[in-house]
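Biologist: I would like to go through the charged pairs in this model. Please keep the answers short.

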Amino acid sequence: MTGRHVRIQGLSVSDIAEEFGTPFFVYDTDTIRADYEGLRDGLRPTVDVFYSLKANPNVSVAAYLRSLGAGAEVSSETELVTALRAGFAPEDIIFLGPGKTPRELEACVRAGIRAVVCESLGELRLLDDIAAGVGTDGAVPVLLRINPVFTTTGSGLAMGGKPRQFGMDADLLQRSRAELTALRHIRIEGIHAYVGTRFLRAEDVVHNTRGVLAEAGRIAAALGIPLRTVDFGGGIGVAYFDNEKDPNIGELVDGVNQAVDDFARTRPDCRYILEAGRCLTAASGTYVVRVLDVKDSMGETFVIADGGTNHHMAAVGVGSFVRRNFPLRALTRPDEPSTMRYTVTGPLCTPADVLAKQIALPPVRPGDLLGVERSGAYGPTASPGRFLSHGYPAEVLVHQGRVQLVRRRDTVEDLLSPQRLAEF
């Protein structure tokens, strides 16, 4: 987005704001395509890229990634239905998560998805019982999620190598061969592991890939199971803050390919899954808010906007010990020099509602538009959108120079209609 009037695919953000109102999230499919193809085009054909809907479950965003060739990784019944409505074939969907309900497992069985990623022996037994009750034509394909023993670095949120609710410890799994053999209605296809998220160094992703592949090989041999698929996760990050850099995707792809090539020498028929969410959608999104007021308080200048952390909790710095600013820019008069410092807040009645603290911007006036960039992942659905009953914002998507509303904003009736007035 460049020029005096910020534009996306030639469309003025100001015009989009006039048409749809503020606040809203806008997604640029040109950026999504570039980020997907930058990853996909360099990887070996045996490595499938699966989009993690948790990053951005908007059905249109998911459908666009499906059109580019991605598979889908889902973690709830609604995400499963979203993926199917977005056009993903069942055989291109996997379902994972540490707390699947019987209803969700039955939905997976009936849909005939590529694999259910099972996270405990109890879940395996439950799925086996459900599959028997549904009476499928064949056994339900399963990946065993392991909690790997090796440690990793470079992740702000480690999800393996320590006591975790995710997956099964490798030593426990290797002692469970007889129990696995007794399951008659599921078919173990391979191994899954996900060790962390927001890795910014290519070498960390490559290290994790090699570690997961090595453990998958050991566990498969110990259990005497085939290894048709290994899902080695991903956790590829994007840079949000000062002094951060995006991962070098070229180095990352080359390293993953080498790890896969080495593993494939003894497993030539194995396929692989790389899960990608944040790195496919974050850079495409901007959270657009309109300035309601500008005021001073005890030597600090505040910009009050019509949207805040109720729509964009990630901008608060969740998961970070230090409060750091997401990239935020002026969308009105963006070419003016940034001569002022402001604390940008939303409309909520809490001091925690801060989108950016002491950020340099051009002079800001009521009515101006501001944009929190890199906001295409973990936006509305990872935020308390109904706090103070403001509701969720609109979401729009720009594709081939045309803007489309892909989620209308909540209305007062949307917020009140599920409630029931008690009789007193």
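Modeller: First, the rule: a salt bridge is a side-chain nitrogen of Lys or Arg within 4 Å of a carboxyl oxygen of Asp or Glu. The model is predicted.

Biologist: How far apart are N and O in the salt bridge of glutamate 189 and arginine 187?
Modeller: The cut-off is 4 Å between a side-chain nitrogen and a carboxyl oxygen. Arginine 187 and glutamate 189 meet through their side chains, and the N to O distance is 2.5 Å.

Biologist: Is glutamate 189 buried or exposed?
Modeller: Buried means under 20% relative accessible area. Glutamate 189 has 13%, so this residue is buried.

Biologist: And which class does arginine 187 fall into, by its relative accessible area?
Modeller: The class between 20% and 50% is partly exposed. Arginine 187 has 34%, so its class is partly exposed.

Biologist: How many salt bridges does the rule give?
Modeller: The rule asks for a nitrogen of Lys or Arg within 4 Å of a carboxyl oxygen of Asp or Glu. Applied here, the count comes to 28.

Biologist: Which residue forms a salt bridge with aspartate 48 at 3.1 Å?
Modeller: Aspartate 48 is buried, and so is its partner. The closest N and O atoms are 3.1 Å apart, and the partner is arginine 114.

Biologist: How many residues apart are aspartate 48 and arginine 114?
Modeller: The salt bridge joins aspartate 48 to arginine 114. Aspartate 48 sits in strand E4, residues 47-52. Arginine 114 lies in the loop between helix H5 (102-111) and strand E7 (115-118), and the pair is 66 residues apart.

Biologist: Which residues join Asp48 in one network?
Modeller: Arginine 374 and aspartate 246 are each partly exposed, at 23% and 38%. The network is elsewhere: salt bridges that share partners join Asp48 with Arg114 and Arg271.

Biologist: How many residues apart are arginine 374 and aspartate 246?
Modeller: These two form a salt bridge, with closest N and O atoms 2.8 Å apart. Arginine 374 is in the loop between strands E20 (369-373) and E21 (394-399). Aspartate 246 is in the loop between strand E13 (229-234) and helix H10 (249-264), and the separation is 128 residues.

Biologist: Away from the charges, which residues does methionine 340 touch, not counting those up to four places away in sequence?
Modeller: Methionine 340 is in strand E18, residues 340-345. At 35% relative accessibility, methionine 340 is partly exposed. Its contacts are Ile359, Ala360, Leu361 and Pro363.

Note on methods:
Residues numbered from 1 in each chain as written. Predicted model: local features only at pLDDT ≥ 70, side-chain atom pairs only at ≥ 80, totals over all residues. Heavy atoms only, no water. Helix = DSSP H or I, 4+ residues; strand = E, 2+ residues; numbered from the N terminus. Buried < 20%, exposed > 50% of the residue type's maximum accessible area, 1.4 Å probe, protein only. Contact = heavy atoms within 4.5 Å.
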